[in-house]
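Subject: Structure for your review

Dear colleague,

Please find below the structure that I am handing over to you, together with its sequence. My findings follow after it.

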Amino acid sequence: MSQTVQEIIAIWATMFTMVIEFYDPKLAVATDQDRQAMPFKGKRFSKPPPDWRIYMARLRSNEEADWYHTGGWVQFEEDKLDDRFLFTRIHFGTVGLIVVRLPGQDQATYPSLDEDCHQLGLHRIGPHSWE
């Protein structure tokens, strides 16, 4: 799959995640800063926020389409909600996508998450160091 196709799918999955958060506002954790990190440029949105991860896998088709989203705020200091996490699973036809955003101090585990996902057949499609 070309870099351009991966970017388009990763952008779509990120936008899907940001939009479905409005389905259940108590799970909304994407911030205005996240949304502003993806301005509309030319004919499409720019890359997903750099602290998000998007993974893709090929699945056996069951002709279904569904999604699952959860998220929340994480407290690192007493009386302060410091950071957030989110997880979205999107499945349609033969494609499965997972969108993840870990809290800041947990982002150091992204390399091992990338490796674990790869071992499970999920391939990271974004964001990378896209121009």
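Residues are said to be in contact when heavy atoms lie within 4.5 Å of each other. Please bear in mind throughout that this is a predicted model.

Helix α3

In this sense of contact, the buried residues of α3 pack against β3, β6 and β7 (123–126). The helix itself spans residues 110–119, and its buried residues are Tyr110, Asp114 and Cys117. Because these residues cover an arc of only 70 degrees around the axis, they are on the same side of α3. The general rule is that an α-helix has 3.6 residues a turn, so residues three or four places apart point the same way. On the face of α3 turned away from the buried side are the exposed residues Pro111 and Gln119. Gly121, just after α3, takes a positive phi of about 90 degrees. Tyr110 also has a charged partner: the charged end of Arg53 sits over the Tyr110 ring, 4.1 Å from its centre.

Nonpolar cores

The largest nonpolar core has 16 residues. Within this core, the residues with the most contacts are Ala13, Trp52, Ile54, Leu97, Val99 and Ile125. At least two of the core residues come from each of α1, β3 (52–58), β5 (83–92) and β6 (95–101). The greatest contribution is that of α1, which gives four residues. Apart from this core lies another one, of eight residues, which include Tyr55, Val100, Tyr110 and Leu122.

Leu97 merits a separate word. Leaving aside residues up to four places away in sequence, Leu97 touches Ile9, Trp12, Ala13, Tyr55, Met56, Thr88, Arg89, Ile90, Phe92 and Ile125.

Aromatic pairs

How many aromatic pairs does the structure hold? There are five aromatic pairs. In one of them, the ring centres of Tyr23 and Trp67 are 5.3 Å apart and the planes stand at 85 degrees, so this pair is edge-to-face; the cut-off for that class is over 60 degrees. Tyr23 lies in the loop between α1 and α2, whereas Trp67 belongs to strand β4 (residues 65–74), so the pair ties together parts that are 44 residues apart in sequence. Tyr23 is exposed, with a relative accessible area of 67%, while Trp67 counts as partly exposed at 34% relative accessibility.

A tilted aromatic pair is formed by Tyr68 and Phe87, with 6.4 Å from centre to centre and 55 degrees between the planes. This pair also links distant parts of the chain, since Tyr68 is in strand β4 and Phe87 is in strand β5, 19 residues apart. Both rings belong to partly exposed residues: Tyr68 has a relative accessibility of 41% and Phe87 one of 29%. Ring pairs also link Trp12, Phe16, Tyr23, Trp67 and Phe92 into a cluster.

Glu21

Is Glu21 buried or exposed? Glu21 has a relative accessible area of 0% and is therefore buried, the cut-off being under 20%. Glu21 is found in the loop between α1 (3–20) and α2 (32–36). Not counting residues up to four places away in sequence, Glu21 touches Leu27, Ala28, Val29, Ala30, Arg35, His69 and Leu86.

Yours sincerely

Definitions and conventions
Residues numbered from 1 in each chain as written. Predicted model: local features only at pLDDT ≥ 70, side-chain atom pairs only at ≥ 80, totals over all residues. Heavy atoms only, no water. Buried < 20%, exposed > 50% of the residue type's maximum accessible area, 1.4 Å probe, protein only. Core = buried A, V, L, I, M, F, W, Y, C linked by side-chain atoms within 4.5 Å. Phe/Tyr/Trp six-rings, centres within 6.5 Å; stacked < 30°, edge-to-face > 60°. Lys NZ or Arg CZ within 6 Å of the ring centre and 35° of its normal. Arc of directions from axis to C-beta.
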